[in-house]
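Trainee: I would like to go through the labels on this structure one by one. For each, I want the value and the cut-off behind it.

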Amino acid sequence: MTSEQFDVDAFLRQPLTARLATNGPTVRPVWYLWEDRAFWILTGPWSRLPDRVRDDPDVALVVDECDLATGRVRQVTARGRAELVPFDAAKGRRKLSRYLGDDEALWDPRFARYLDDEASGRGTMWLRLVPDSLAAKDLGYTVAP
């Protein structure tokens, strides 16, 4: 096992899936954007997430990776009070291009609709989490030859 530090910002800029826990408890996988020391998650009326956050904004989130072939095991855990903020299409484009690539013509139309002029009219919004605590762990190990 190693206890080396790793670049948390570089790790969080990867297109990994986070798991967000809200009251209930409820845990859901989410795509996110790590920007301005905050996690940004698209949500809206199609999800129960906005109501859960309005009822209790305390959330926890984990982003991790585990590669058995290389022994690379890293995790970042965040806790804090989430807030719902107005949708911003430019930020949405940055988030979606991380996961879907830069060529929007190749995106599934379901994702492209998040970026049109009517997105905020449909209730699209951001869940923003500026962590009160952020813990990073490198639990990597050496793989035997």
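What follows is a short exchange on how each label is reached.

Trainee: What kind of model is this, and what does the protein chain come to in secondary structure?

Mentor: The model is predicted. The protein chain holds 4 helices and 8 strands. From the N terminus, the order is α-β-β-β-β-α-β-β-α-α-β-β. Its C-alpha trace spans about 55 × 40 × 25 Å along the principal axes.

Trainee: What share of the protein chain is buried, and what makes a residue count as buried?

Mentor: Buried residues make up 41% of the 145 residues. The label needs a relative accessible area under 20%. The chain exposes about 8300 Å², and carbon and sulfur atoms supply 50% of that.

Trainee: Why is T26 called buried?

Mentor: T26 has a relative accessible area of 18%. The cut-off is under 20%, so T26 is buried. T26 is found in strand β2, residues 26-30.

Trainee: What makes the pairing of T26 and R52 a polar contact?

Mentor: Their side chains are joined at 3.2 Å. The limit for a pair of N or O atoms is 3.5 Å, so the distance qualifies. Leaving aside neighbours within four places in sequence, T26 is in contact with L20, A21 and R52.

Trainee: Now helix α3. How do you know that its length fits the expected span?

Mentor: Helix α3 covers residues 89-100, which is 12 residues. From first C-alpha to last, α3 reaches 15 Å. The expected value, at 1.5 Å a residue, is 16 Å, and the two are close.

Trainee: Which residue caps the N-terminal end of α3, and what shows it?

Mentor: D88 does. One of its side-chain oxygens lies 3.0 Å from the backbone nitrogen of A90. A polar contact must be within 3.5 Å, so this pair passes on distance. Past the other end, α3 is followed by G101, whose phi is positive, near 95°.

Trainee: Which residues of α3 are buried, and what do they pack against?

Mentor: The buried ones are K91, G92, K95, L96, S97, R98 and Y99. They pack against α1, β3, β4, α4 and β7.

Trainee: How many salt bridges are there, and what makes D9 and R37 one of them?

Mentor: The structure holds 11. In the D9 and R37 pair, N to O is 2.7 Å. The cut-off is within 4 Å, so the pair counts as a salt bridge. D9 sits in helix α1 and R37 in the loop between β3 and β4, 28 residues apart.

Trainee: Why are D9 and R37 called partly exposed?

Mentor: D9 has 26% relative accessibility. R37 has 47%. Partly exposed runs between the 20% and 50% cut-offs, so both residues get that label.

Trainee: What labels do D58 and R81 get, and why?

Mentor: D58 has a relative accessible area of 41%, so D58 is partly exposed. R81 has 51%, and exposed means over 50%, so R81 is exposed. Their closest N and O atoms are 3.0 Å apart, in a salt bridge. That pair links strand β5, which holds D58, to strand β6, which holds R81, across 23 residues.

Trainee: What makes R128 and E83 a link between distant parts of the sequence?

Mentor: Their salt bridge has its closest N and O atoms 2.4 Å apart. R128 lies in strand β7 and E83 in strand β6, so the pair ties together parts 45 residues apart in sequence. R128 is partly exposed at 25%, and E83 is partly exposed at 34%. Elsewhere, salt bridges with shared partners join E35, K91 and R94 into one network.

Trainee: Last label. Why can Y141 belong to a nonpolar surface patch?

Mentor: A patch residue needs over 30% relative accessible area, and Y141 has 32%, so Y141 passes that cut-off. Its place is in the segment after β8. L68, Y141 and V143 form the patch, with about 270 Å² of accessible area together.

How values were computed:
Residues are numbered from 1 along each chain as its sequence is written. This is a predicted model: local features need pLDDT of at least 70, side-chain atom pairs count only at pLDDT 80 or more; totals for chains, interfaces and linings use all residues. Side-chain values use heavy atoms; hydrogens and water are left out. The expected span of a helix is 1.5 Å times one less than its number of residues. Buried means under 20% relative accessible area, exposed over 50%, partly exposed in between (1.4 Å probe, protein chains only). Contact means heavy atoms within 4.5 Å. A polar contact is a pair of N or O atoms within 3.5 Å; within protein, one must be able to donate a hydrogen and the other to accept it, and residues adjacent in sequence count only if both atoms are side-chain atoms. Patches are made of residues with over 30% relative accessible area and no salt bridge: like charges are joined within 9 Å, nonpolar side chains (Val, Leu, Ile, Met, Phe, Trp, Tyr) within 5 Å. Accessible areas come from the Shrake-Rupley method with a 1.4 Å probe; for residues, only the protein chains shown count as cover. A salt bridge is a side-chain nitrogen of Lys or Arg within 4 Å of a carboxyl oxygen of Asp or Glu.
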